[in-house]
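Visitor: Could you walk me through one part of this model in detail? I'd like a close look at the place where the two chains meet.

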Amino acid sequence: MYKVEDIIQALGEHEDSTAVTVLEEIGTNSSDEYVRKLTAEALAKRNSHESLRIILINSGKGIHDLNNTVSDAVVSTLKSLEDKEEALRILEDTISLHSDEMVKRRAKEVKAILLSLN
Amino acid sequence: MVRLSLHTPKTESTVKAATHSNPFSVSFKNSISPDFQMLKKDIFERQHVESNVKNTSLLNKISVISAKMNNKFKGISFNGVRNNMETMSNKAKTSFSGLVSKISSLFRKENKVEELKTQPVAALKEMLTNAVSSRAAQSM
């Protein structure tokens, strides 16, 4: 049997884009914070529009996860991305268009962290 | 393309294992440690190691370990370390074997992930569901 870490990593790097849906459906909705952390990191590393949207604009997921270990790990992965353009673009849209003030505030914080690295 | 290199230009005799054809093309023929045998197996069974390893995080991890090897065994060639394992202190021996073992383990993990990536997403979905359920059952 394969380890959950390897399966999530494989889905994150899978060439079939439907892998992102599986990660969202099972990984980000898991009650297991370790699974949520691995999933959010894999989605961040994938660095595609679809994968980043899941962890950047959804309340309770990714950078908005109520568990600090999960949200901090995602931010850390985002910081390590070589190309942060898509992430910054989605964060900007979230800040200007999202209806939830909490989500907007967190997006603003994360955007500031990413910009401080440039 | 990130090229792995254990070679530093400062010292010719520094641990080195990178060439143009294979980043780990050191001869492991007379390896005396099981770790080396394992490393040989892992690396040489991966025929296209350099072109196939696209996982930059893996490459970065290996680079970090490689740098540690360089620091710990400065001035001694890779073969020199390997051939003189018996005369090395236990601490140095353990350290060197540990580093080699870590690289080996990274390659094994990479192999597993590469194998999984060839599976259809539906199969991976089922595997993930089972793995998550199994974790939940274990924590109860």
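**Where chain A meets chain B**

Guide: Let's start with one pair: B:Lys125 makes a salt bridge with A:Glu25, and their closest N and O atoms sit 3.1 Å apart. Keep in mind that this is a predicted model. That pair has company, since the rule finds three salt bridges across the interface of chain A and chain B. Side chains of opposite charge can pair when their charged atoms come close. Another salt bridge links B:Lys117 with A:Glu13, again with 3.1 Å between the closest N and O atoms. B:Lys117 belongs to helix 5 (residues 90-117) of chain B and A:Glu13 to helix 1 of chain A, so this pair joins two chains. For context, a search of the whole structure turns up twelve salt bridges over all chains.

Now zoom out to polar contacts: the rule finds six residue pairs across the interface of chain A and chain B, with both partners at pLDDT 80 or more. On the chain A side, the elements giving two or more residues to the surface that touches chain B are helix 1 (4-13), helix 2 (18-28) and helix 3 (33-46). Helix 1 of chain A provides the largest share of that side, nine residues. Sorted by class, the side of chain A that touches chain B holds twelve nonpolar, four polar and six charged residues.

How much surface is involved? The size of an interface is often given as the accessible area lost when the parts come together. Here the area buried between chain A and chain B is about 2000 Å², and carbon and sulfur atoms give 69% of it. A:Tyr2, A:Ile7 and A:Ile26 supply 27% of what chain A buries against chain B, more than any other three residues. In terms of contacts, 22 residues of chain A touch 20 residues of chain B.

If you'd like a packing within chain A to set beside this, try helix 6 (residues 85-97) and helix 7 (residues 101-116) of chain A: their axes come within 8 Å and cross at roughly 145°. The crossing of helix 6 of chain A past helix 7 of chain A is left-handed. Residues in that contact include A:Leu88 and A:Leu91 from helix 6 of chain A, and A:Val103 and A:Leu114 from helix 7 of chain A. By class, the contact of these two helices has nine nonpolar, two polar and four charged residues.

Technical notes
Residues numbered from 1 in each chain as written. Chains lettered and ligands numbered in written order. Predicted model: local features only at pLDDT ≥ 70, side-chain atom pairs only at ≥ 80, totals over all residues. Heavy atoms only, no water. Contact = heavy atoms within 4.5 Å. Buried area = accessible area lost by both parts, 1.4 Å probe. Salt bridge = Lys/Arg side-chain N within 4 Å of Asp/Glu carboxyl O. Polar contact = N/O pair within 3.5 Å; in protein donor to acceptor, adjacent residues only side chain to side chain. Helix = DSSP H or I, 4+ residues; strand = E, 2+ residues; numbered from the N terminus. Nonpolar A, V, L, I, M, F, W, Y, C, P; charged D, E, K, R; others polar. Axes fitted to C-alpha atoms, helices over the stretch in contact; angles between N-to-C directions. Left-handed = near helix turned anticlockwise from the far one by under 90°.
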